[in-house]
Every structure is written in C-alpha cells, then in structure tokens.
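Fresh page in the notebook today. I wanted to look at one helix first, then at the rings, then at the whole chain.

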Amino acid sequence: MHRLIIAVLRAGVAAAILLGLFGQTVVIPTTASDEVDRFPPYEPFAVPYATVAIIGVACVQVVLGAVWMLLGMVERDAVFTRRAFRWVDTVIGATAAATLLALGAAVHLAVAEIPSPDDGMQALGALGAAVACVGVGAAFALLVVVMRGLLAKATALRSELAEVV
C-alpha cells in the first residue's frame with residue numbers, strides 16, 4: 001500500500017479518536033444533562049445510559065487503535081505474521097463488547113418503564129437505534145471473523161511459499 005494512502009488513513013484514524021474523545025468528555029455528558037433538564041423523569045437513567053455511551057465510544061477507539069497498528073504492519077510489509085492476529089482479535093473483542101452494550105441497552109429499553117414525552121416516541125426511537133447498533137455491530141464482528149480466517153489462510157500460504165523459495 002502506498003505511504004500516502006497509509007498517512008491519510010492514519011490522519012483519519014487520529015481525527016476519529018480525537019472526535020470520540022470530544023464526544024466522551026463534552027457531547028455525551030452535556031446531552032444527558034440537557035435531557036434531564038428538559039424532562040426531569042429521565043434523571044435516574046441519565047448516568048447509566050451516558051456511561052454505556054462513553055464505554056461504547058471507547059470500544060470504537062480501541063478498534064481504531066488496532067487499525068492504526070495494522071496500518072503500521074502493512075507499511076512494514078509485516079501484516080502476514082502471527083502478530084497481526086493480536087490486533088485483529090482486538091478488533092473482534094472490542095466490537096463484540098460494544099455490541100453487547102448495545103444489546104443490553106436495547107433489552108433495557110424494551111422492558112423498562114421509561115417515562116417519555118411525546119407519547120413514548122423518544123423511547124421507541126432510542127430502542128430502534130439500539131437494535132440497529134446491535135445488528136451493525138454483530139455483522140461487523142462476523143465480517144472481521146471471516147477476514148481473520150482469510151488472513152490465517154494467506155499467512156499460511158505465505159509461509160509455505162517462503163519455504164519453497
């Protein structure tokens with residue numbers, strides 16, 4: 001892969017990590033506080049849901065950090081080694097953790113009696129968003145598992161080729 005492409009990808013990863021940090025420290029807590037100010041019955045749910053959101057963003061940041069490391073391995077032409085599997089497994093684990101967080105939120109939203117203005121449409125929208133996150137997270141985790149299998153096969157073939165040559 002060309003060094004310019006890797007540099008652009010790394011810049012995007014760094015920007016996404018910084019944007020996530022801003023979201024964790026400013027956007028999520030402020031939004032939770034504003035929602036409680038606007039509708040006081042949300043108060044018991046503000047801290048738990050904000051915490052889950054902050055941890056979910058942290059899972060995405062872990063995935064981005066692993067992608068950063070994999071880009072470095074691609075740059076050094078070392079991606080077809082056993083060390084790459086550590087980073088791919090990190091992506092799978094962080095994605096699974098974020099998906100489980102979204103599943104927990106979806107289950108809670110589905111079964112809990114959460115007061116909501118506007119005839120419950122806000123809670124229904126949040127449930128829909130949580131279910132969508134579960135679907136996307138599960139699909140992404142499964143895709144990375146398939147890609148891990150392809151990496152394992154390519155690594156084995158490269159090792160065999162190195163023995164022949």
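I started with helix α3, residues 83-111, in this predicted model. I found 29 residues in α3 and a reach of 43 Å from the first C-alpha to the last, close to the 42 Å expected at 1.5 Å a residue.

Next I asked myself which residues of α3 are buried. The list includes Ala84, Phe85, Val88, Val91 and Ile92, and farther along I noted Thr95, Thr99, Ala102 and Leu109 among them. I then looked up what covers these buried residues, and the cover includes α2 (43-75) and α4 (121-164).

Phe85 came up again when I turned to charges over rings: Arg82 lies over its face, at 4.4 Å from the ring centre. I also noted Arg10, whose charged end sits over the ring of Trp68, 4.8 Å from the centre.

How many aromatic pairs does a search of the whole structure find? I got 1. The ring centres of Phe39 and Tyr42 are 4.9 Å apart with the planes at 70°, so I logged the pair as edge-to-face. Both Phe39 and Tyr42 are buried.

Last, I stepped back to the whole protein. I counted 4 helices and 0 strands, in the order α-α-α-α along the sequence. The radius of gyration is 20 Å, well over the 15 Å that the globule rule gives for 165 residues, so I wrote the protein down as more spread out than a compact globule. Its C-alpha trace spans about 70 × 30 × 20 Å along the principal axes. My final entry is burial: 28% of the 165 residues count as buried.

Notes: Residues numbered from 1 in each chain as written. Predicted model: local features only at pLDDT ≥ 70, side-chain atom pairs only at ≥ 80, totals over all residues. Heavy atoms only, no water. Helix = DSSP H or I, 4+ residues; strand = E, 2+ residues; numbered from the N terminus. Expected span 1.5 Å × (residues − 1). Buried < 20%, exposed > 50% of the residue type's maximum accessible area, 1.4 Å probe, protein only. Contact = heavy atoms within 4.5 Å. Phe/Tyr/Trp six-rings, centres within 6.5 Å; stacked < 30°, edge-to-face > 60°. Lys NZ or Arg CZ within 6 Å of the ring centre and 35° of its normal. Rg over C-alpha atoms; globule rule 2.2 N^0.38 Å.
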